Amino acid sequence: MTMPDIPAALDRRVRPPAAGKPLVYTFSNLKNYRTCPEQFAQRYVHKSLPFVESDAMKRGNAVHAALEARLGAGKPLPDDMAVWERWAAPFDGRKVHVEQRLAITASGAACDFWDAAAWLRGKLDLWMASDYHAFLLDWKYKEDLSKIGQYEDPFELEIGALLLSCNEGQRRKIIGHYCYETGLSQPYDLSDVKGTLLKVREIAKDIERDLAAQEWEKKRSGLCKAWCDVLTCEHNGKRT
Ligand code: SF4
């Protein structure tokens with residue numbers, strides 16, 4: 001299914017020169033580029049930063065898997081995740097889709113997640129829809145509960161709504177929430193999927209420009225001091 005009223009983009013695939021494989025955009029890599037292009041280049045183009053799964057990431061993945069089993073197959077949550085039951089129970093008896101992987105081409109056409117033409121990919125934690133409305137939920141595990149709601153970025157939900165609309169048909173209204181173990185985020189209106197597609201294309205255009213020039217901005221922020229692994233960068237606070 002192709003999104004109506006959206007001018008088709010040139011289906012140009014970004015190919016990192018070293019890896020030779022086309023770069024497929026995701027919320028994570030687009031966000032990383034916006035945070036610091038140099039870090040993005042090291043992570044996704046030069047692939048010089050090994051992936052390290054932290055304990056918090058491991059626990060977050062386990063929570064996602066348990067909620068998928070709970071909502072998709074009726075399997076009770078493990079005892080140490082029972083706190084999430086209050087967020088799963090309201091969906092009992094409803095037609096919900098969980099942990100669905102979706103992808104689109106650069107022109108906004110739906111495609112298989114692993115299709116060679118995939119340009120943007122994402123996984124939707126939970127969604128349900130009527131003919132006119134859609135609802136998205138994104139589980140967010142936080143190791144430190146005092147940080148809940150900090151740095152919340154609805155761009156992730158917006159990308160989910162875009163992927164959903166291109167794959168499952170447009171709805172008049174799309175609302176999304178992040179769901180923490182202690183509560184829901186504010187509701188986000190995700191209905192402007194054309195605006196989201198344009199936003200993604202703008203970032204993709206900047207990435208293509210930098211890739212062609214092999215010039216990546218070193219964008220300094222609070223991450224430089226202790227939260228960046230690009231040790232070749234002169235701004236990195238972990239360098240001795
Ligand atoms: S140290 Fe800062 S400027 Fe350098 S790559 Fe990391 S985030 Fe970017």
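## Close-up views of a predicted model

**Figure 1. Lys-238 and Asp-229 pair up through a salt bridge.** In this predicted model, the closest N and O atoms of Lys-238 and Asp-229 are 2.5 Å apart. Both partners have some access to the surroundings: Lys-238 is partly exposed at 36% relative accessibility, and Asp-229 is partly exposed with a relative accessible area of 46%. Elsewhere, Arg-70, Glu-85 and Asp-92 are joined into one network by salt bridges that share partners. To place Asp-229 along the chain, look in the segment after α7, a helix that covers residues 223–226. While you are here, take in Arg-239 as well: its C-alpha atom is separated by 9.7 Å from that of Asp-229, and the two residues are 10 apart along the chain.

**Figure 2. A salt bridge links Asp-153 to Arg-34.** The structure holds 14 salt bridges, and in this one the closest N and O atoms are 3.6 Å apart. Asp-153 sits in the loop between β4 (133–139) and α5, while Arg-34 belongs to helix α1 (residues 27–35), so the contact ties together parts of the chain that are 119 residues apart in sequence. Arg-34 is partly exposed, and its relative accessible area is 33%. The loop between β4 and α5 also holds Glu-152, which counts as partly exposed at 22% relative accessibility. Follow Glu-152 across to Tyr-178: the C-alpha atoms of these two residues are 8.5 Å apart in space, with their positions 26 residues apart in sequence.

**Figure 3. Helix α5 is largely enclosed by the rest of the structure.** Of its 14 residues, 12 are buried, so the helix has most of its length wrapped by other parts of the model. The buried set includes Phe-155, Leu-157, Ile-159, Leu-162, Leu-163 and Leu-164. Glu-158, Ser-165 and Asn-167 are also among the buried residues of α5. How does the span of the helix, residues 155–168, compare with what its residue count should give? At 1.5 Å a residue the expected value is 20 Å, and the end C-alpha atoms are 19 Å apart, which agrees. Just after α5 comes Gly-169, which takes a positive phi of about 100°.

**Figure 4. Residues from several parts of the sequence surround the ligand.** Four cysteines can be picked out here, Cys-36, Cys-224, Cys-228 and Cys-233. The other residues around the ligand are Glu-38, Gln-39, Lys-218, Lys-219, Val-230, His-235 and Asn-236. Which classes make up this shell? Five residues are nonpolar, three are polar and three are charged. The space taken by the ligand is the largest cavity.

**Figure 5. Asp-210 forms a salt bridge with Arg-209.** The closest N and O atoms of the pair are 3.0 Å apart. Are the two partners buried or exposed? Asp-210 is buried, with a relative accessible area of 7%, whereas Arg-209 is partly exposed at 48%. Further along, Gln-214 lies in the loop between α6 (193–213) and α7. Check its backbone: Gln-214 has a positive phi of about 55° although it is not a glycine. Gln-214 is partly exposed, with a relative accessible area of 35%.

**Figure 6. Glu-99 in strand β1 has a positive phi.** The angle is about 50°, and Glu-99 is not a glycine. The strand that holds Glu-99 runs over residues 97–104. Glu-99 is buried, with a relative accessible area of 10%.

**Figure 7. Leu-184 and Trp-87 are 9.0 Å apart, C-alpha to C-alpha.** The two residues are 97 apart in sequence. Leu-184 is found in strand β6, which covers residues 183–184. At 42% relative accessibility, Leu-184 counts as partly exposed.

Terms used:
Residues numbered from 1 in each chain as written. Predicted model: local features only at pLDDT ≥ 70, side-chain atom pairs only at ≥ 80, totals over all residues. Heavy atoms only, no water. Near = heavy atom within 4 Å. 1 Å grid on protein atoms, 1.4 Å probe; cavity = no way out; pocket = protein on both sides within 12 Å on 5 of 7 lines; lining within 4 Å. Sits in = over half its atoms within 2 Å of the grid points. Nonpolar A, V, L, I, M, F, W, Y, C, P; charged D, E, K, R; others polar. Helix = DSSP H or I, 4+ residues; strand = E, 2+ residues; numbered from the N terminus. Expected span 1.5 Å × (residues − 1). Buried < 20%, exposed > 50% of the residue type's maximum accessible area, 1.4 Å probe, protein only. Salt bridge = Lys/Arg side-chain N within 4 Å of Asp/Glu carboxyl O.
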